[in-house]
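Thanks for coming. I will go through one structure this morning, piece by piece, and stop at a few residues on the way.

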Amino acid sequence: MNGKQILESIINNEEFNLKVFENFFRQKNDKLRFPDASLPAPEQTTDFSDGRLLAEGQVDDGKLIVCSFLVNKELTERSGKKAQYDVGK
């Protein structure tokens, strides 16, 4: 599968699969490491849990870190963006 097909599979699949997402980043950048390490839950919110560090590495314009978290409540488009931004900081 190419990158576009992988992303479409992720978007259209009701159950998110971390390995498929990881495969997308493996195809896109061979300089990334894939430590699959646990991350602590964000202190400022209980909306996210089960954090994983999926990938990290240097890219042309800085450092890229790919993380995943389980979302414990439904997020609207606006509240989801704000919550993700706050956790990412």
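Start with the strands, and keep in mind that this is a predicted model. Strand β1, residues 37-39, runs antiparallel to strand β2, residues 48-59, and 3 bridges join the two. If you want one position to find on the screen, take Leu-39, which stands opposite Gly-51 in β2.

On to the next pair. β2 is also joined to strand β3, residues 62-71, by 9 bridges, and this pair is antiparallel as well. Between β2 and β3 the chain makes a hairpin, with 2 residues in the connection. Which residue of β3 is the bridge partner of Glu-56? That partner is Ile-65.

Let me stay with Glu-56 for a moment. Glu-56 sits in strand β2. Is Glu-56 buried or exposed? Its relative accessible area is 14%, so Glu-56 is buried, the cut-off being under 20%. Apart from neighbours within four places in sequence, Glu-56 is in contact with Leu-32, Arg-33 and Pro-35, and also with Lys-63, Leu-64 and Ile-65.

Another residue of strand β2 to look at is Leu-53. Leu-53 has a relative accessibility of 12%, and therefore counts as buried. Leaving out the neighbours within four places in sequence, the contacts of Leu-53 include Pro-35, Asp-36, Ala-37 and Leu-39. Ile-65, Val-66 and Cys-67 are in contact with Leu-53 too. For Val-66 there is a distance to quote: its C-alpha atom is 6.2 Å from that of Leu-53, although the two residues are 13 apart along the chain.

A general remark on strands. In a regular strand, side chains alternate between one face of the sheet and the other.

Two aspartates deserve a stop, for their backbone angles. Asp-36 is not a glycine, yet its phi is positive, at about 45°. Where is Asp-36? It lies in the loop between α2 and β1. With 36% relative accessibility, Asp-36 counts as partly exposed. The other one is Asp-50, again not a glycine, with a positive phi of about 50°. Asp-50 is found in strand β2. Its relative accessibility is 55%, so Asp-50 counts as exposed, which requires over 50%.

Now the helices. Helix α1 covers residues 3-12, and its buried residues are Gly-3, Ile-6 and Ile-10. Viewed down the axis of α1, these buried residues fall within an arc of 65°, so they line one face of the helix. There is a general reason for that kind of spacing. An α-helix has 3.6 residues a turn, so residues three or four places apart point the same way. What do the buried residues of α1 pack against? They pack against α2. On the face of α1 turned away from the buried side are the exposed residues Lys-4, Ile-11 and Asn-12.

For α2, the residues that are buried are Phe-21, Glu-22, Phe-24 and Phe-25. Around the axis they cover an arc of only 150°, so they are on the same side of α2. The elements that cover the buried residues of α2 include α1, β2 and β3.

Next, the largest pocket. How much space lies in it? The volume is about 580 Å³. It is lined by 16 residues, and those closest to its centre are Phe-48, Cys-67, Ser-68, Phe-69 and Gln-84. At least two lining residues come from each of α2 (18-28), β2, β3 and α3 (77-88). β3 gives the most, with 5 residues. As for character, 13 of the lining residues are nonpolar, 3 are polar and none are charged.

Let me finish with the overall view. The protein has 3 helices and 3 strands. In sequence order the pattern is α-α-β-β-β-α. Its C-alpha trace spans about 35 × 30 × 25 Å along the principal axes. Of the 89 residues in the protein, 28% are buried. Counting contacts between residues at least 6 apart in sequence, 33% join residues at least 24 apart.

That is what I have; I can go back to any of these residues on the screen.

Notes. Residues are numbered from 1 along each chain as its sequence is written. This is a predicted model: local features need pLDDT of at least 70, side-chain atom pairs count only at pLDDT 80 or more; totals for chains, interfaces and linings use all residues. Side-chain values use heavy atoms; hydrogens and water are left out. Two strands pair if DSSP finds at least two bridges between them. Helices (H or I, at least four residues) and strands (E, at least two) are DSSP runs, numbered from the N terminus. On a 1 Å grid over the protein atoms alone, a cavity is a set of points where a 1.4 Å probe fits but cannot get out, and a pocket is an open set with protein on both sides within 12 Å along at least five of seven lines; lining residues have an atom within 4 Å of a point. Grid points are joined across faces, edges and corners, and a volume is the space filled by probe spheres set on the points. Ala, Val, Leu, Ile, Met, Phe, Trp, Tyr, Cys and Pro count as nonpolar, Asp, Glu, Lys and Arg as charged, and the others, Gly among them, as polar. Buried means under 20% relative accessible area, exposed over 50%, partly exposed in between (1.4 Å probe, protein chains only). The arc is that of the directions from the helix axis to the C-beta atoms. Contact means heavy atoms within 4.5 Å.
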